[in-house]
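Reader: I should like to request a close look at a single part of this model, namely its open sheet. Please describe how the strands are arranged there, and then set that part against the rest of the chain.

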Amino acid sequence: MFMKFSATAALAASISLVAFPVLAGSNDYVFDPVSPEMKKGDDVKVAVRLTHKTTGKPVADAVIFRTRVDMAPDGMAEMESPVALLPSKEPGVYAFRTDLPMAGRYQVTLFAKVQGEPETITGKFIIRANK
Ligand SMILES: [Cu+2]
């Protein structure tokens, strides 16, 4: 009798774990670079599109509050570039200016707040700078 009870309790516990998708927020959104390749240089403009995966719609009301651009994909994580956000000209497209001083791959990490979404949305993608 006791054994049967504890098995049921364990089952109930595992069901309740599944019922709380803690990381749902970030998984519902995707950041994509508008152009994944560009010419290397200073003051390069990078544009990213934020899409709500479930609806496929652009997310126009996001606030990007933290950014990081570095060369981690090419083993230079310490090579971090400054980032200056630019005004958004198209709904769901966010732009910033940064330096891509050498040819290679750069990782862009973005942290955003989206209206109605309590969790911070994080996105990572890679862009390539060419000579
Ligand atoms: Cu580098």
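Author: Two strands are said to pair if DSSP finds at least two bridges between them. The model is a predicted one, and the description below should be read accordingly.

By that criterion, strand S5, residues 63-71, and strand S9, residues 104-113, form a pair: they run in the antiparallel sense and share seven bridges. One bridge can be followed at the level of residues, since Thr67 has Leu110 in S9 as its bridge partner.

This pair belongs to a wider arrangement. Five strands make up an open sheet, and their order across the sheet is S2-S10-S9-S5-S6. The pairing within this sheet is mixed. Its edges are formed by strand S2 (37-39) and strand S6 (76-81), each of which pairs on one side only. From one strand to the next, the twist averages 35°.

The metal site may be considered next. Which residues coordinate the copper ion? The donors are the SD atoms of Met71, Met76, Met79 and Met102, at 2.3 to 2.5 Å. The angles among these four donor atoms are 100 to 130°, and the site is tetrahedral. Along the sequence, the donor residues follow the spacing M-x4-M-x2-M-x22-M. Two of the donor residues can be described further: Met71 and Met76 are both buried.

A residue of another strand serves as a further example. Thr51 is located in strand S3, which covers residues 41-52. Is Thr51 buried or exposed? Thr51 counts as buried because its relative accessibility is 16%, and the cut-off for burial is under 20%. Leaving aside residues up to four places away in sequence, Thr51 touches Asp28, Tyr29 and Val30, together with Gly56, Lys57, Pro58 and Val59.

Finally, the chain as a whole gives the setting for these details. It contains two helices and ten strands, and from the N terminus on the elements run α-α-β-β-β-β-β-β-β-β-β-β. Of its 131 residues, 34% count as buried. Among contacts between residues at least 6 apart in sequence, 62% join residues at least 24 apart. The chain exposes about 8,300 Å², of which carbon and sulfur atoms supply 61%.

Note on methods
Residues are numbered from 1 along each chain as its sequence is written. This is a predicted model: local features need pLDDT of at least 70, side-chain atom pairs count only at pLDDT 80 or more; totals for chains, interfaces and linings use all residues. Side-chain values use heavy atoms; hydrogens and water are left out. Helices (H or I, at least four residues) and strands (E, at least two) are DSSP runs, numbered from the N terminus. Buried means under 20% relative accessible area, exposed over 50%, partly exposed in between (1.4 Å probe, protein chains only). Contact means heavy atoms within 4.5 Å. Accessible areas come from the Shrake-Rupley method with a 1.4 Å probe; for residues, only the protein chains shown count as cover. Donors are N, O and S atoms within 2.8 Å of the metal (3.2 Å for Na, K and Ca); water is not among the atoms, so sites may look incomplete. Four donors count as tetrahedral if all angles lie between 85 and 135 degrees; four count as square planar and six as octahedral if opposite donors are over 155 degrees apart and all others between 65 and 115; anything else is irregular. Axes are lines fitted to C-alpha atoms, for helices over the stretch in contact, and angles run from 0 to 180 degrees between N-to-C directions.
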